[in-house]
Number of protein chains: 2
Amino acid sequence: MTSPELSRLCIHTITNKPWPIETAVEEYARAGIGGITVWRDALDGREPSVVRKRILDAGLAVVSLCRGGFFASANPAVRAEAVRENLSVIRQAHELGAPHVVLVCGADPKQPLEDSRVQILEGISAIAGEASRFGVRLAIEPLHPMYADSRSAISTLEQANDICDLLDLPEVGVAIDVYHLFWDPHLPEQIERCGAAQRILAFHVSDWLTPTRDLLNDRGIMGDGCIPIRTIREQVVRAGFDGQIEVEIFSNSLWASDQRRYLDRIIDAYRRHV
Amino acid sequence: MTSPELSRLCIHTITNKPWPIETAVEEYARAGIGGITVWRDALDGREPSVVRKRILDAGLAVVSLCRGGFFASANPAVRAEAVRENLSVIRQAHELGAPHVVLVCGADPKQPLEDSRVQILEGISAIAGEASRFGVRLAIEPLHPMYADSRSAISTLEQANDICDLLDLPEVGVAIDVYHLFWDPHLPEQIERCGAAQRILAFHVSDWLTPTRDLLNDRGIMGDGCIPIRTIREQVVRAGFDGQIEVEIFSNSLWASDQRRYLDRIIDAYRRHV
């Protein structure tokens with residue numbers, strides 16, 4: 001049973017990576033959490049429609065499918081393959097009942113960022129029709145500039161807004177992740193801009209630890225770092241966002257810890273810091 | 001003897017951290033390099049005026065002293081101590097004959113970035129008079145957003161330009177480091193803005209490796225990563241910068257390697273990629 005207080009809380013399967021999705025669903029439901037965001041690796045060897053039923057039967061909402069994208073490459077064959085892959089991700093999201101797919105847009109260290117950005121526009125354009133047909137929206141997630149070499153040439157919310165404006169497609173919006181964006185002095189005004197365009201599809205939380213020992217897998221639980229999460233949440237809500245708040249934490253040390261106790265800490269941190 | 005071809009090349013003492021500064025001066029001079037930027041730890045136990053003489057006698061220029069700053073703290077006593085420390089750094093730069101001090105502005109994870117930014121303005125204001133008296137300029141160096149938690153609340157060249165405009169002091173300018181700024185889509189226009197205000201005091205080069213294994217000490221030699229260094233150098237030169245090009249590389253693996261061979265690689269990389 002979802003608890004009213006936790007009905008807006010969603011957790012990404014990757015946050016509790018050691019748990020198979022069946023365990024995650026069971027544990028989240030028992031804790032009263034409202035939703036789950038599914039990472040594609042959690043679907044390995046499973047039918048998305050079967051997973052969907054299991055999630056819904058447990059009383060959880062399917063919030064999102066993570067992740068598509070990676071449109072940028074100096075190699076045209078790789079770009080074409082990325083488009084094919086994203087078309088299949090869209091169908092997977094539809095079968096899973098996920099209203100949107102999060103896009104990590106991609107970057108290739110072998111070419112200028114400007115080229116990657118053009119290819120990202122082309123890639124999203126190429127899959128937007130399929131997204132529309134299946135009723136699945138696409139959430140561009142700007143990634144922290146420390147991933148600009150190989151993961152995302154879209155580093156700021158301003159860039160994501162610019163792409164959305166250029167594409168001007170109802171199925172394309174943004175995912176706002178505090179971990180990637182908290183440092184940006186233009187964040188408040190860009191959140192407002194997102195709101196005015198009604199394009200905030202997702203809101204992700206975690207925290208930035210000091211020191212951060214690993215570029216990828218050393219995120220913290222909300223409240224353990226320096227991100228003003230509540231301030232940003234208030235900005236996002238003021239901009240009209242009323243969806244679930246998604247906890248997305250990659251952490252070698254937390255993955256190595258007891259997952260049930262970790263889940264309790266997440267819930268406590270959600271109450272106190274989000 | 002400085003070689004004409006290498007007269008614009010400067011190396012930071014920290015780049016060859018295993019060498020005491022006396023060795024660095026001797027090796028840079030023998031290689032024909034034009035200048036040296038001195039990190040304060042390289043002065044430990046030495047008189048700046050003696051080091052100055054040794055550098056000039058070897059035919060090198062003193063390009064900069066690294067580094068002052070760290071003005072931000074939730075603790076007022078720490079902020080006051082930072083101002084005192086920076087006043088002594090300015091006098092040290094004067095004795096060393098360094099025309100400017102690089103400022104890493106600081107950030108405190110215990111307070112909002114907005115507070116750190118106000119304290120940075122106050123800190124620079126508090127030391128600008130002393131800088132003017134000693135004829136030492138202050139170069140605000142925006143740091144990569146991955147250091148926004150604890151090292152610099154100034155993450156973009158736009159922010160550095162904004163501070164310079166606010167302060168409007170002839171002794172305050174900026175240091176442009178490709179490692180910190182290459183990802184920023186607004187970099188070209190902000191370099192132009194620096195140029196129009198004649199405030200580019202320093203230009204630092206290194207490269208971003210894929211993968212980067214450490215947030216602090218895994219920079220690459222120019223050409224080994226994804227940064228379009230020559231493109232950015234051309235923008236900086238077009239903006240009127242005619243100073244030395246400074247190689248600032250922090251790298252656990254390069255520090256562990258043969259320093260003379262590493263210096264040869266830097267010189268080769270400078271010729272080919274800068």
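This passage describes the confidence of a predicted model, the contact between chains A and B, and part of the fold of chain B.

Residues are numbered from 1 along each chain as its sequence is written, chains are lettered from A and ligands numbered from 1 in the order in which they are written. The model is predicted, with local features requiring pLDDT of at least 70 and side-chain atom pairs pLDDT 80 or more, while totals for chains, interfaces and linings use all residues.

Chain A has a mean pLDDT (the predictor's confidence in each residue, from 0 to 100) of 97, and 100% of its residues reach 70 or more. The ipTM is 0.97 and the pTM is 0.97.

Chain A and chain B each give 20 residues to the contact. Two residues are in contact if their C-beta atoms, placed from the backbone, lie within 7 Å. On the side of chain B that touches chain A, 12 residues are nonpolar, 7 are polar and 1 is charged. Nonpolar covers Ala, Val, Leu, Ile, Met, Phe, Trp, Tyr, Cys and Pro; charged covers Asp, Glu, Lys and Arg; the others, Gly among them, are polar.

Strand β2 (residues 35-39) of chain B is largely enclosed by the rest of the structure, because 4 of its 5 residues are buried. A buried residue has 20 or more other C-beta atoms within 10 Å of its own, with C-beta atoms placed from the backbone. Helices (H or I, at least four residues) and strands (E, at least two) are DSSP runs, numbered from the N terminus.

β2(B) pairs in the parallel sense with strand β1 (residues 9-12) of chain B over 3 bridges. Pairing requires at least two DSSP bridges between the strands. C10(B) has G35(B) as its bridge partner in β2(B). β2(B) also pairs with strand β3 (residues 61-69) of chain B, in the parallel sense, over 5 bridges. Here T37(B) stands opposite S64(B) in β3(B).

Notes
A residue is buried if 20 or more other C-beta atoms lie within 10 Å of its own, exposed if 12 or fewer, and partly exposed in between; C-beta atoms are placed from the backbone.
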